[in-house]
Amino acid sequence: MSVEPVFGEAAALLVSQAAGEPEGYARWVEESGRMGPIVRLVDENVVLAFTRSDGKRALVTSVGGDRLCLSVFDRASEVAEIRGCERVGDVKAVAVSGERVALISVETVGASGAVPPNSGPAAPQTTGPTTPAPKKEASPRLVQNRKTPAVVKKGNGKGGKKGGGKKKEVVKKAAPKPTVEVTVRWVSREGVFEGEAKATGLRFVPPLEGMGVVDARGSARGVEIVWYESAKPSAGTKATGMGWAAIGGGVIGEDGRFEGKSRAKVVEGELEWGALKGFYAPRLVGGTRVGLLTQPVARGGSCEVSWFGGAAAKLGRGECAIEPGAGVGFEKILQAEPRRVGGQARNDVGLVVWAGERAFFTTGDGRGLRSAGRDGSLREEGVAFPARRGRVHWAKVWPDGTGVALAGGRVRVLEGDGVREGLSKEEIFAGGRGAGAVAGIGKVGAAVWVARGDVGRVWPTGGTAEVWRGRVWPDGAVMVGGKAKGLLMELSGGRLHVAGLSEEGKVGAPALSDGRARSAASPVRAGFAAVERAAGGAIVAGVGVGSDEEVVAFVVDAAGRLGPVAKTSLKVRAGELGVRLSGLPGGGAILSDEGRRYAVWLDEEGREVGAAAWPEGGAAGICQDGSPGPRFYPSMKPGGFVEVEALSAPGTCVVGEPGWAADGSLRWFGTRAEGRDVVPEVGLVRGLAAAVERAGAEAAEDAEEVKAAAPRPCPPEMVLVQGKLCVDRFEATIVDAASREALSPDFPVTPNLLEITLGDWSTGRSRMGSVHARAMPLPFLPGWQRGQKLDVMAVPRRLARPNGYLTGLVAESACAASGKRLCTLPEFVLACRGQDDTPFPYGDTYVEGACNVFREAHPAAILHDNASIGHLDPRLNHVRAGEAPLFRRTGATPACRSRWGNDAIYDMVGNLDEWVDEGSGAFAGGFYARSTRSGCDAVVTAHPRSYLDYSTGVRCCKDAEP
């Protein structure tokens, strides 16, 4: 939660939203502590709040990165009575002036001088976290129509032309800097966007790309505006480094024209990347009088305010943090450790928002609200956005009508029509966290086992199957249960390895006593699914090894033997993997693609007995867990569907697969939205089908003694390369080694770097780029990730957002914790080129869009107006180009796969740069915005292993077992 100022009223605005989350909330709080209605925000971010002269409240919001909306609310209503929206483009600042809102933009009108905006020396290289140097990329700026892009490559081995002598040096004349003019467009109090943007007459020359309008604020004089501009040093001052620049200030009048007499040079100094030395974090402050606040040190507690029409004043930490210009230190308020937004640095300016005579700020966890009077007296204001948020992390329903879920912090077991409570997540998972992806949930006898890295018992008591500790991850492994024995199936080296699991967690037949499994050539690829078979063993389905699109099915009996492989009519897009599978009480299963577009009915032997297109329709709502419930669900009768109103009720989300029970009922676990509350629920609908007799008993186990098992050359999440090397199938997700829960992919892993990044950008994001960029909130950061050093592992996961912001040192240790290592550069190139040894994962010639690289936009150019600054901004991998983020989930670009036998490695070109073991530091493959067509040969060696930014990730290698 953040606390934002409200113009025109003694109130503050409370905002709860995060990047990547479509839903957010806002509400006003008055000086008295009275809170207004909660306003729901869907796919829009708060830019500014103000109160009109008639007492009605207004919000300006950013929608889609290019539209602004003005919504007007009655004080007692959460529904806007007036709302106006318009596509406005790249607005740089918004200010309330009288009864109107001014939209400030700039337009290039000409050139001045002889130095381009990005000229001068490169940004200084640093190994620290504060201002990372831009990568030495092929193009440091956003380029729309590239014709001959540079190639980032570690030497091409080519020499110069023969003969010719010394080359004549060509000195290129620097391009002139552009001159820009400020424009203004007005929005009326009724939400009407008036006419077109008009020139104000204010012109200046930005000193650097991305350094233009600093801020704008309404005052009695009109719209106060400040901007960066190129400047010459004062007499007797010598500019060094990148040159000299200033921050200018002035007023745009009510008529929309800049008042020339108001123009002044407020401060000046040496130019740095995105700042003036000694005048950091500039912003406008004040009410009846307005001034420019700056900080002499980037993370210092003191500040200086240059009051317009008055002198500059140096202020101590207390005034800077609480109320610049108040003349008092507010030590009592400082003792309460106030923050107006979670993660804000304690030395930041503006730790509170004043509403009349009270200062508002958040509690330590960022959820509650406190206030303080000018005398330091504190008042607890309560929870700003009260809501019940019950999570359902994983769930499974079986054909006998029972089921299990981790819901609301406890294991819940469905038996008959009732639900029993089991162990808490604190009792079964380290740190009380159990949200990690699962490779299977199986009921063996009376015990329920869950595979999520480890194989752990969650009902009726806890426990771990030690032989599989840390080795069973989703996509390459699946676990199913059974009356007397469960089965664990793992892919490795093109073979499907099958082992048994007893109720007590011991390895049983068909595995050897040392845990080595029986195996056979695998008919399916990674991403396969399996369900318990009524006659014992499992029904298995997945994308077949003989085709990129066909889905096949077969059975594995209790002795670990594979039955005949049958093709189904279900097809997926080439390169896609996962499928859905749900067992039927009369035997057999329902198979579908992950998008639920087509369904296939399988019999007890895995043969297709019916198929039909899945009818459209589903629950409306946003799911934190699971997916919206479908309106129609495949019936127990092949080829038919039933309409299930409860499953598709608004706000219904399903976790796992719904399942038919022998009594004819359909059952599922999920959540239901009730306003802001999200409540875990068990769905149970009767009367949709006739009761059936549960198919036969488990077959007797084959008594044949297993004397040998094929070697397991690679863990199931890795791909075997040339019979000697194992490479992660996907880019890595970083997980906590103790709990197996994923860390946020948008922040550094190490505690000090995380806190510095959070402190820099919690409020710093509102001082850079367009108003759309400034309004974009930070991504959500789990509270458990802060304040402690975690032991982390690198785990590849399909359709996950892999971790960026990794140093080479963290990447190396995370691979080691997984029993792996960094790939060497030759290993990376070998794996990337695939078994056909081609320059690109997919072939010999570059194909635009086949991999997520060389994209049309750069996230830093969109957020910061300069592709070379702000590379630790946690929002960068959430930036969109059109409807979709530039950064993609693993495996979401299926054409970008490097084939090895019947398996493939995904995204070795593009998406994230991946650290490799090469020299003093290198990352390979390119990331989504890198301008390279070098394919598998792309590599950057300009940074040490201590470097990190938003695009640095990892995948691991391992020597294959003999």
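Visitor: Let's start with Ala881: in which strand is it found?
Guide: Strands are DSSP runs of E with at least two residues and helices are runs of H or I with at least four, both numbered from the N terminus. Ala881 belongs to the run covering residues 880-881, and that run is strand 58.

Visitor: Before we go on, what pLDDT does the protein average?
Guide: This is a predicted model, in which local features need pLDDT of at least 70, side-chain atom pairs count only at pLDDT 80 or more, and totals for chains, interfaces and linings use all residues. Residues are numbered from 1 along each chain as its sequence is written, and side-chain values use heavy atoms, with hydrogens and water left out. pLDDT is the predictor's confidence in each residue, from 0 to 100. In this protein 90% of the residues score at least 70, and the average is 88.

Visitor: Which residues have pLDDT under 50 together with 119 contacts beyond four places in sequence?
Guide: A contact means heavy atoms within 4.5 Å. Two stretches stay under 50: residues 700-708 have 9 contacts beyond four places in sequence, while the 119 contacts belong to residues 113-172. Where pLDDT is low, the predicted coordinates should not be read in detail. So the stretch to treat with that caution, with its 119 contacts, is residues 113-172.

Visitor: Back to Ala881: is it buried or exposed?
Guide: Buried means under 20% relative accessible area, exposed over 50%, and partly exposed in between, with a 1.4 Å probe and protein chains only. Ala881 has 19% relative accessibility, so it counts as buried.

Visitor: How far apart are the C-alpha atoms of Ala881 and Gly65?
Guide: Leaving aside neighbours within four places in sequence, the contacts of Ala881 are Arg855, Glu856 and Leu886. Gly65 is 816 residues away along the chain, yet its C-alpha atom and that of Ala881 are separated by 9.5 Å.

Visitor: Which residues does Ser97 contact, leaving aside neighbours within four places in sequence?
Guide: Ser97 sits in strand 9, residues 93-97. With a relative accessible area of 1%, Ser97 is buried. Its contacts beyond those neighbours are Trp186, Gly222, Val223 and Glu254.

Visitor: How many aromatic pairs does a search of the whole structure find?
Guide: Rings of Phe, Tyr and Trp (its six-membered ring) pair if their centres lie within 6.5 Å; planes under 30 degrees apart count as stacked, over 60 as edge-to-face and the rest as tilted. Searching the whole structure this way, the number of pairs is 17.

Visitor: What geometry does the pair of Trp601 and Phe641 have?
Guide: Their ring centres are 5.8 Å apart and their planes meet at 80°, so the pair is edge-to-face. It links distant parts of the chain, 40 residues apart: Trp601 is in strand 45 (residues 598-602) and Phe641 in strand 49 (residues 641-643). Trp601 is buried at 1% relative accessibility, whereas Phe641, at 22%, is partly exposed. The geometry you asked about is edge-to-face.

Visitor: And what about Phe923 and Tyr947?
Guide: Phe923 lies in strand 63 (residues 922-924) and Tyr947 in the loop between strand 64 (939-940) and strand 65 (952-953), so the pair ties together parts 24 residues apart in sequence. Both residues are buried. With centres 6.3 Å apart and planes at 25°, the pair is stacked.

Visitor: Which ring lies under the charged end of Arg289?
Guide: A charge sits over a ring if NZ of Lys or CZ of Arg is within 6 Å of the ring centre and within 35 degrees of the ring normal. Arg933 does this over Phe854, 4.6 Å from the ring centre. For Arg289, the charged end is 4.0 Å from the centre of the ring of Trp307.

Visitor: How many residues of helix 7 are buried?
Guide: Helix 7 spans residues 825-833 and is mostly covered. Among its buried residues are Leu825, Phe828 and Arg833. Of its 9 residues, the buried number 7.

Visitor: Which strands stand at the edges of the sheet ordered 30-31-32-33?
Guide: Strands pair if DSSP finds at least two bridges between them. This open sheet has 4 strands, and the pairing is antiparallel. Each edge strand has a single partner strand, so one side is left without a neighbour in the sheet; these are strand 30 (440-444) and strand 33 (463-464).
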